[in-house]
Amino acid sequence: MKSSVIIAIDGFASTGKSTIAKMLSSHYQIPFIDSGAFYRGITYFALENGLFKEGVLDEESLSTALENLNIRFHPNSSDLFLNGKNISDKIRLPVISENVSTVAKLPFVRDFLLRELRTMGSEKGLIMDGRDIGSVVFPDADYKFFFNARPEIRALRRYEELRLKGEKTTFEEVLNNLIHRDKIDSAREVAPLQKPIDAFEVDTSDISTQEVFSLLAKKIDTK
Ligand code: CDP
């Protein structure tokens, strides 16, 4: 594999992108960045600072606030820091999942994060997962993968994850949220979720995590 390799993994919500990205990261010793964590972090900031008024986001205030926002992802721990504070356990809460796609469709939010995410390559390269990594953030990525899976399977996996963390939610709520986010993410004007033509598509519905990892590693090793 060449040095400074960039691996992009995009796809629908809860298809296992981050899990596989972390496995590839430890196998190839390349840093992993979860781009979704940044969109979740900005959503957390907006909610925490009362920028949603009666459910409507004050876009002007958020846009101004972004100028002074310091948002950092630590590749080793996968922790997200907002203005120095570790907010990793806050950004996966259902309330963030409910609002994140509304924040992520705003062009000024995408512009801000596009600039941040593009600076994150390292000497060894980068593995990044998200919705627009192979299409917009790193269109020249060396490897592009696109994940999909049946909605019920994705919802069941996410529901189990949340249940183990002690979150009070139901399978239906999780399923509806995934469908809702996919719809907004796919329909937005800027950087919509879509499979880049040169991406290798993987349906993770009926194969194990280990099998998905092996499939990707084989693709990477033989290209
Ligand atoms: O892990 P999960 O599949 O639930 O989602 P995530 O990767 O944490 O992303 C959360 C949300 O951030 C998505 O539903 C998108 O609205 C947004 N996102 C985006 O717009 N562009 C990215 N590159 C990554 C995430």
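**Exercise 1. State which elements cover the buried residues of helix α8.**

Solution. In this predicted model, local features need pLDDT of at least 70, side-chain atom pairs count only at pLDDT 80 or more, and totals for chains, interfaces and linings use all residues. Residues are numbered from 1 along each chain as its sequence is written, and side-chain values use heavy atoms, with hydrogens and water left out.

Step 1. Locate α8: this helix covers residues 171–187 (helices are DSSP runs of H or I with at least four residues, strands runs of E with at least two, numbered from the N terminus).

Step 2. List its buried residues (under 20% relative accessible area, 1.4 Å probe, protein chains only): V174, L175, N177, L178, R181, D182, I184 and D185.

Step 3. Name the cover: it includes α2 (35–48), α4 (94–104) and α7 (151–164).

**Exercise 2. Determine the strand order of the open sheet and its edge strands.**

Solution. Step 1. The order of the 5 strands is β2-β8-β1-β9-β10, with parallel pairing (two strands pair if DSSP finds at least two bridges between them).

Step 2. β2 (32–34) and β10 (200–203) each pair on one side only, which makes them the edge strands.

Step 3. At the β2 edge, 3 bridges join β2 to β8 (residues 125–130), and D34 stands opposite D129 in β8.

**Exercise 3. Identify what α1 and α9 touch in the sheet.**

Solution. Step 1. Helix α1 (residues 17–28) is in contact (heavy atoms within 4.5 Å) with β1 (5–11), β2, β8 and β9 (143–148).

Step 2. Helix α9 (residues 209–222) also packs on the sheet, touching β1, β9 and β10.

Key
Buried means under 20% relative accessible area, exposed over 50%, partly exposed in between (1.4 Å probe, protein chains only). Axes are lines fitted to C-alpha atoms, for helices over the stretch in contact, and angles run from 0 to 180 degrees between N-to-C directions.
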